[in-house]
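Here are some friendly notes to read alongside the structure. Take the points one at a time, and keep the view open while you go.

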2 protein chains.
Amino acid sequence: MKKIGLTILCLSSSVAWADSDLDMENKIRAEGFYNSEVMHTLEQLTDGIGPRLSGSPQMKKANEWTLNKLKSWGLKNAYLDPFEFGRGWSHDSASINLISPREVTLHGIPVAWTPGTKGEISGDVVIFEASSVADLAQYKGKLQGKIIMMGDGKNIEAPENSVFNRYDATELTKLKEFDVNKGPSHSPWVNAERRDSALQRFYFGKELNEFLAKEKVVGVLYRSWRQGGLINIFGRDHRVGNTFPVPALVIEAEHYNSLSRIIDSGKTPKVTLDIDARFHDEDRNAYNTIAEIPGSESDPEIVMVGGHLDSWHASDGAVDNGAGVAVAMEAVRILATLDFEPKRSIRIALWSGEEQGLFGSSTYVDEHFATRPSPTNKDEKALPNYLWKSQGWPIETKPAYDKFSVYFNMDNGSGRFRGIYTEGNVAAKPIFSKWFGPFSDLSAGTITNASTGGTDHESFDDVGLPGFQFIQDELDYGSRLHHTHIDSIDHVSEADLKQASVILAGFLYKASMADERMPRKPIPRDISDLQKQKMQLNIEKSRVQREKDANKAKAINALMDKS
Amino acid sequence: MKKIGLTILCLSSSVAWADSDLDMENKIRAEGFYNSEVMHTLEQLTDGIGPRLSGSPQMKKANEWTLNKLKSWGLKNAYLDPFEFGRGWSHDSASINLISPREVTLHGIPVAWTPGTKGEISGDVVIFEASSVADLAQYKGKLQGKIIMMGDGKNIEAPENSVFNRYDATELTKLKEFDVNKGPSHSPWVNAERRDSALQRFYFGKELNEFLAKEKVVGVLYRSWRQGGLINIFGRDHRVGNTFPVPALVIEAEHYNSLSRIIDSGKTPKVTLDIDARFHDEDRNAYNTIAEIPGSESDPEIVMVGGHLDSWHASDGAVDNGAGVAVAMEAVRILATLDFEPKRSIRIALWSGEEQGLFGSSTYVDEHFATRPSPTNKDEKALPNYLWKSQGWPIETKPAYDKFSVYFNMDNGSGRFRGIYTEGNVAAKPIFSKWFGPFSDLSAGTITNASTGGTDHESFDDVGLPGFQFIQDELDYGSRLHHTHIDSIDHVSEADLKQASVILAGFLYKASMADERMPRKPIPRDISDLQKQKMQLNIEKSRVQREKDANKAKAINALMDKS
């Protein structure tokens with residue numbers, strides 16, 4: 001009975017025996033699980049190099065290290081792809097000490113692209129609240145030599161959400177439901193109102209820079225929006241001519257609140273600052289690292305994979321986005337090691353300038369695949385390009401546009417792959433469903449037509465090219481690691497990175513060998529005149545509301561001054 | 001129908017109308033909820049004074065502030081109660097910067113009772129692992145000018161437990177079950193084995209101090225046992241002649257691990273340290289703050305309430321134990337404000353030296369209520385007194401021993417009262433059950449015969465006097481605030497402190513007016529000869545085992561040196 005059963009099984013599975021796909025999956029798994037280099041790669045980026053702020057010397061080092069590493073694995077056409085970024089910046093150390101009314105060391109990290117202090121400085125701390133030019137007048141002549149806090153302290157909420165999360169079956173099922181009202185989270189249908197308010201903020205930012213410089217403010221303190229001692233950092237404008245004039249730190253919410261309460265109690269805190277930071281203007285380019293496994297066909301089509309190599313400067317950029325880089329590199333390393341010759345070229349791109357607005361990937365897409373007209377009016381030109389990039393019409397495609405198949409990006413921490421977002425491309429769904437098949441013991445393979453935003457696949461999607469991100473387990477990425485001072489390799493899950501590397505290698509294999517290139521969504525078009533009119537009305541409405549609020553606030557202040 | 005029902009109700013509740021107890025509860029609630037000063041008190045201790053390390057100038061300030069505040073509320077017999085503590089210590093600032101192989105500011109806080117650096121120093125960082133004198137030999141002549149890390153880095157676990165917790169009904173029910181095997185968590189039946197291993201550690205500590213000084217180590221780094229950027233601090237020995245000879249910091253686990261991995265990769269990290277810390281030897285006493293609402297009876301009995309006023313030095317000691325102090329003070333303030341004249345005296349005691357071993361409360365109990373013979377042998381004398389305090393026999397009582405009714409302590413964060421631990425005193429259970437009655441809308445009033453340890457009620461319990469702690473909601477006390485650098489008032493729940501203050505005031509009212517003093521457990525006796533023999537055998541067994549392990553380790557090292 002058993003023997004007969006076996007025979008039947010052998011006969012019926014003879015097709016599978018000859019399945020070169022499954023044979024390749026076996027090889028990928030063996031290489032990815034038992035000869036993995038993914039953690040070693042990540043260690044070099046994090047412990048070895050450390051933070052990789054775009055334009056910084058450390059980022060350049062990371063570019064070179066990744067380039068050489070990819071070459072050493074046999075990848076071809078490897079080069080550093082420069083693009084104009086702005087001023088470089090780096091810092092070595094920073095300290096802030098409260099020296100009155102009591103003495104205690106506070107914990108702060110510099111805001112990127114703000115100057116150093118050139119030795120220790122000290123000053124009285126005052127609260128500064130301004131969100132429009134009208135708000136500045138009250139501070140005229142009052143800030144010289146002061147260290148200003150950007151707003152009051154705020155209450156800290158009890159941390160009731162769990163810190164560490166993996167998707168359960170119910171959540172994955174929920175994720176599959178398409179929400180018509182929600183729409184894509186990013187362009188090409190980007191909200192013009194968002195652009196308008198960014199424009200307001202940009203012009204106020206310029207006024208603020210001038211004001212703070214003129215008033216001789218000596219330091220600026222921002223409150224980390226996270227609590228529990230976590231410092232969540234950010235940067236100010238990195239573009240030449242727009243950089244912030246005053247040394248600035250983000251400090252722990254608890255320390256910020258403490259200063260704020262000291263001020264509330266009628267005392268004046270005095271602090272010392274010592275920030276060793278500087279701009280690097282010798283090279284205003286940033287660089288993407290590019291390399292490929294060339295396709296075997298003549299004039300081959302292109303499959304791309306990548307993630308941003310740049311990070312913020314507060315820690316080592318391990319989960320944001322050393323993890324994505326290490327996995328993308330590991331996926332091409334696995335394929336290169338297997339001496340696999342794809343039909344299509346498999347090109348890896350490790351982007352720079354992502355954290356400041358997807359600059360590396362959008363410039364790359366612009367230069368290689370499709371371009372959109374730059375804005376013509378002064379206002380729009382002044383804005384960072386990600387705020388108008390998706391707005392120019394029409395999209396003009398380049399020859400390689402038709403050669404492009406698909407781009408896979410990884411940039412959501414170190415959590416394992418649980419499925420993939422199709423970005424509304426329903427034609428991709430059955431393909432991904434098939435590709436996830438051999439990985440059913442590794443991943444739920446959930447496929448949702450929803451979009452996920454905020455990273456480099458958008459640069460492709462914005463011009464109608466298929467660009468995707470996987471659904472990843474959240475772990476503690478959003479809750480405490482993203483952009484914080486503890487984004488070190490300590491919080492990376494090795495098993496998850498191996499799983500992601502193997503699935504990604506499998507997807508690259510499939511994409512590079514498939515009979516046809518990845519199907520596409522319709523190419524983005526401008527919004528309709530009706531939608532434009534509606535948006536314009538909304539913009540006007542919110543401008544009027546802002547003015548009303550400002551006038552009301554002024555009237556109240558005037559009354560309070562009298563009483 | 002309705003009317004008849006009402007009449008019956010009125011008749012049957014006529015007793016309650018005349019109930020002076022409930023009348024008092026009403027007054028306590030009104031004062032405690034609507035005229036609360038508990039947050040104001042806490043603000044003065046935390047934002048105003050800051051950390052209150054025993055023996056530090058800030059602790060002295062807190063003693064004086066609490067004394068004056070209690071006097072201002074009308075409390076009598078108020079004084080600062082000195083006891084011999086050891087060396088005072090304080091620090092103003094501390095910084096640590098990695099300067100090679102890359103530059104980054106690390107986050108560290110000094111270990112209490114370690115010297116400052118007298119300006120910036122720098123040194124190569126090496127790993128040091130020693131838990132016995134035999135381990136020291138390998139480092140001889142190798143540590144001069146070095147900054148040593150106390151052991152390797154360790155893997156960081158995913159933070160899967162929830163950060164913020166309140167008891168649910170199931171957990172409270174579970175808490176009521178008495179576990180016979182568990183026994184009390186603290187003395188008088190304290191484990192002699194613990195004392196023996198403490199003795200080993202103490203003698204090794206002395207050797208280590210001498211060794212590090214002689215070898216001219218310039219700095220010591222400890223790893224915070226917490227992760228996620230939280231620095232969990234501690235102190236080394238504060239006793240004259242025993243203090244640590246080298247400047248020492250606790251640094252973030254992530255930073256510690258990073259240094260450890262740099263060393264693993266074959267590089268030598270170089271760091272700078274700048275620690276502004278010093279000893280205060282002008283006054284080697286610490287002080288408890290004592291005050292009371294005198295009892296109206298002649299030679300009145302005593303009801304006590306309190307918590308430790310001292311804190312660690314990494315933050316403001318808000319939940320450990322500003323909260324307990326503020327609630328104890330608020331409870332007596334409420335009663336004092338109501339011009340309530342208790343039969344028994346209500347005495348508040350705000351202890352010092354709790355964090356180093358309940359020194360303030362145990363000395364107070366010793367001097368006022370009951371004493372035990374000091375150890376006679378040299379070894380035991382060398383140990384901190386909390387390790388022998390509960391071991392001397394027989395307990396000799398003083399006259400006030402019979403006058404004492406009960407002590408209520410608060411020292412488990414700012415979470416609301418959910419019930420009380422009887423410490424195995426089953427006679428107290430029906431009393432507490434009755435006392436919780438009027439608070440049924442504020443608290444579950446769970447009563448468990450289990451014990452809770454680690455704080456000042458133990459000093460009373462150790463000599464057979466009723467000392468209790470309430471069951472409190474955990475909140476984020478244990479998960480991230482206890483002894484960390486974020487123990488600031490930001491994480492205190494105002495509503496919970498008001499609830500606790502009102503219940504505590506209610507309990508003090510009841511305890512001070514009850515017909516009889518609180519029933520007691522049998523006075524502690526020495527353990528039986530049988531138990532002593534067993535313990536001695538265990539001590540010998542573990543000594544033999546330790547020696548075996550050490551010899552084995554030596555043999556392995558010798559083999560490895562040869563190969």
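**Notes on the predicted model**

1. Let us begin with a helix you can check by ruler. Helix 3 of chain A covers residues 20-34, which makes 15 residues, and at 1.5 Å a residue it should span 21 Å. Its end C-alpha atoms are 21 Å apart, so the expected span and the model agree. Please keep in mind throughout that this is a predicted model.

2. Which residues of helix 3 of chain A are buried? They are Met24(A), Glu25(A), Ile28(A), Arg29(A), Glu31(A), Gly32(A) and Phe33(A). A rule of thumb helps when you read such a list: an α-helix has 3.6 residues a turn, so residues three or four places apart point the same way. The cover over the buried residues of helix 3 of chain A includes helix 10 (318-337) and helix 17 (494-513) of chain A.

3. Now try the ruler on chain B. Helix 3 of chain B (residues 20-34) also has an expected span of 21 Å for its 15 residues at 1.5 Å a residue, and its end C-alpha atoms are 21 Å apart, which agrees. Here Met24(B), Glu25(B), Ile28(B), Arg29(B), Glu31(B) and Gly32(B) are buried. The buried residues of helix 3 of chain B pack against helix 10 (318-337) and helix 17 (494-513) of chain B.

4. How do the two chains relate? A turn of 180 degrees, with a shift of 0.0 Å along the axis, lays chain B on chain A with an RMSD of 0.1 Å. The two copies are thus related as by a two-fold rotation axis. In chain B, the C-alpha nearest that axis belongs to Ser162(B), at 2.6 Å from it. As for the contact between the chains, 100% of the interface residues of chain B are also interface residues in chain A, so the copies meet through the same surface.

5. Next, stay in chain A and look for strand 11 (residues 302-308). Is it enclosed or open to the outside? Seven of its seven residues are buried, so strand 11 of chain A is largely enclosed by the rest of the structure. Both of its faces are covered: Ile302(A), Met304(A), Gly306(A) and His308(A) are buried on one side, and Val303(A), Val305(A) and Gly307(A) on the other.

6. Strand 11 of chain A has partners worth tracing. With strand 12 of chain A (residues 345-351) it pairs in the parallel sense over seven bridges, and Gly307(A) stands opposite Leu350(A) in strand 12 of chain A. Strand 11 of chain A also runs parallel to strand 15 of chain A (residues 404-409), and five bridges join them. In strand 15 of chain A, Phe408(A) is the bridge partner of Val305(A). Helix 10 of chain A, which appeared in point 2, returns here: strand 11, helix 10 and strand 12 of chain A make a right-handed β-α-β unit.

7. Turn to chain B for an open sheet of eight strands, in the order 3-2-9-5-6-7-8-4, with mixed pairing. Its edge strands are strand 3 (104-106) and strand 4 (108-110) of chain B, each of which pairs on one side only. On average, neighbouring strands of this sheet are turned by 35 degrees against each other, direction ignored.

8. You can walk along this sheet pair by pair. Strand 2 of chain B (residues 88-100) and strand 3 of chain B are antiparallel and share three bridges, with Ile96(B) opposite Leu106(B) in strand 3 of chain B. Strand 4 and strand 8 of chain B also run antiparallel, joined by three bridges; Gly108(B) has Ile251(B) of strand 8 of chain B as its bridge partner. Strand 7 and strand 8 of chain B, by contrast, run parallel and are joined by four bridges, and Leu221(B) stands opposite Leu249(B) in strand 8 of chain B.

9. Strand 8 of chain B is covered on both faces, with Ala248(B) and Val250(B) buried on one side and Leu249(B) and Ile251(B) on the other. Helix 9 of chain B (residues 253-264) lies across several strands, among them strand 2, strand 7 and strand 8 of chain B, and runs at about 115 degrees to strand 7 of chain B.

10. Finish with one residue. Thr272(A) is found in strand 9 of chain A (residues 270-280) and is buried, with a relative accessible area of 6%. Leaving aside residues up to four places away in sequence, Thr272(A) touches several residues, including Ser95(A), Ile96(A), Glu120(A) and Ser122(A).

Conventions:
Residues numbered from 1 in each chain as written. Chains lettered and ligands numbered in written order. Predicted model: local features only at pLDDT ≥ 70, side-chain atom pairs only at ≥ 80, totals over all residues. Heavy atoms only, no water. Least-squares fit on C-alpha atoms with pLDDT ≥ 70 in both. Contact = heavy atoms within 4.5 Å. Helix = DSSP H or I, 4+ residues; strand = E, 2+ residues; numbered from the N terminus. Expected span 1.5 Å × (residues − 1). Buried < 20%, exposed > 50% of the residue type's maximum accessible area, 1.4 Å probe, protein only. Pairing = 2+ DSSP bridges. Axes fitted to C-alpha atoms, helices over the stretch in contact; angles between N-to-C directions. Right-handed = clockwise from strand over helix to strand, strands pointing away.
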